[in-house]
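The following report is meant for a reader meeting this structure for the first time. It starts from a single residue and then widens to the surroundings.

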Amino acid sequence: MSAGPLRHLVTLEQRAQAADGSDGITTTFAAVARVWAKIEGTKGALYAAGVQLVEAPTHRIVIRHRSMTDFDHIALGEQRWRVRDIRDPDGMRKWVEIMA
């Protein structure tokens with residue numbers, strides 16, 4: 001793949017949770033990096049597995065290869081996706097494919 005399809009400037013984020021002082025938890029998202037990405041919708045679905053609902057990935061996001069352990073969310077404007085799966089599609093350490 002050439003860099004041409006990388007049309008979206010996204011923010012890679014790391015989620016952090018901390019006690020808020022009143023028996024609750026506050027969740028924040030710290031920006032790790034801003035990178036160009038290709039974003040495609042997938043079939044994604046919400047289905048029942050026993051009693052719990054399980055959400056399947058709804059987007060395939062491709063970025064240039066980088067460390068895959070320092071982020072767990074991807075944001076584009078106000079939209080945020082949770083990273084569900086990360087892989088190197090051809091093993092060449094050139095691209096990272098993320099299912100979110």
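F71 touches L12, E13, Q14, V32, I63, R66, V83, I86 and I98, where residues up to four places away in sequence are not counted and a contact means heavy atoms within 4.5 Å. This is a predicted model, in which local features need pLDDT of at least 70 and side-chain atom pairs count only at pLDDT 80 or more, while totals for chains, interfaces and linings use all residues. Residues are numbered from 1 along each chain as its sequence is written, and side-chain values use heavy atoms, with hydrogens and water left out.

F71 itself sits in the loop between β5 and β6 (73-76), and with a relative accessible area of 5% F71 is buried. Here buried means under 20% relative accessible area, exposed means over 50%, and partly exposed covers what lies in between, using a 1.4 Å probe and protein chains only. One of the contacts of F71 reaches far along the chain, for F71 and E13 are 58 residues apart and yet their C-alpha atoms are separated by 5.1 Å.

**Overall build**

The protein has nine strands and zero helices, so that the strand follows strand pattern reads β-β-β-β-β-β-β-β-β along the sequence; both element types are DSSP runs numbered from the N terminus, with helices (H or I) needing at least four residues and strands (E) at least two. Of the 100 residues, 27% count as buried. Among contacts between residues at least 6 apart in sequence, 51% join residues at least 24 apart. The accessible surface comes to about 6,600 Å², and 50% of that surface belongs to carbon and sulfur atoms; such areas come from the Shrake-Rupley method with a 1.4 Å probe, and for residues only the protein chains shown count as cover.

**The nonpolar core**

In soluble globular proteins, nonpolar side chains tend to be buried together. Which residues touch the most other members of the largest nonpolar core? They are L12, I61, I63, F71, I74 and I98, out of 15 residues in that core, a nonpolar core being a set of buried Ala, Val, Leu, Ile, Met, Phe, Trp, Tyr and Cys residues joined through side-chain atoms within 4.5 Å. At least two residues of this core come from each of β1 (8-19), β2 (25-41), β5 (59-64) and β9 (95-99), and β2 gives the most, with four residues.

**Charged pairs**

Side chains of opposite charge can pair when their charged atoms come close. The structure holds five salt bridges, each being a side-chain nitrogen of Lys or Arg within 4 Å of a carboxyl oxygen of Asp or Glu. Three of them are set out below, with the distance between N and O atoms.

| Salt bridge | N to O distance |
|---|---|
| R80 and E13 | 2.6 Å |
| R60 and E40 | 2.6 Å |
| R87 and E97 | 2.8 Å |

The pair of R80 and E13 links distant parts of the chain, since R80 lies in strand β7 (residues 79-82) and E13 in strand β1, 67 residues apart. R80 is partly exposed at a relative accessible area of 40%, whereas E13 counts as buried at 7%. R80 also lies over the face of F29, at 3.8 Å from the ring centre; a charge is taken to sit over a ring if NZ of Lys or CZ of Arg is within 6 Å of the ring centre and within 35 degrees of the ring normal.

R60 is in strand β5 and E40 in strand β2, so their salt bridge ties together parts that are 20 residues apart in sequence. R60 is partly exposed, with a relative accessible area of 23%, and E40 counts as partly exposed at 29%. R87 lies in strand β8 (residues 85-87) and E97 in strand β9, so this pair ties together parts that are ten residues apart in sequence. R87 counts as partly exposed at 39% relative accessibility, while E97 counts as buried at 8%. Salt bridges that share partners join K38, E40, R60, R87 and E97 into one network.

**Two loop residues**

Where does D23 lie? D23 lies in the loop between β1 and β2, its phi is near 60°, a positive value in a residue other than glycine, and D23 counts as exposed at 87% relative accessibility. R93 lies in the loop between β8 and β9, with a phi near 55°, again a positive value in a residue other than glycine, and R93 counts as exposed at 61% relative accessibility.
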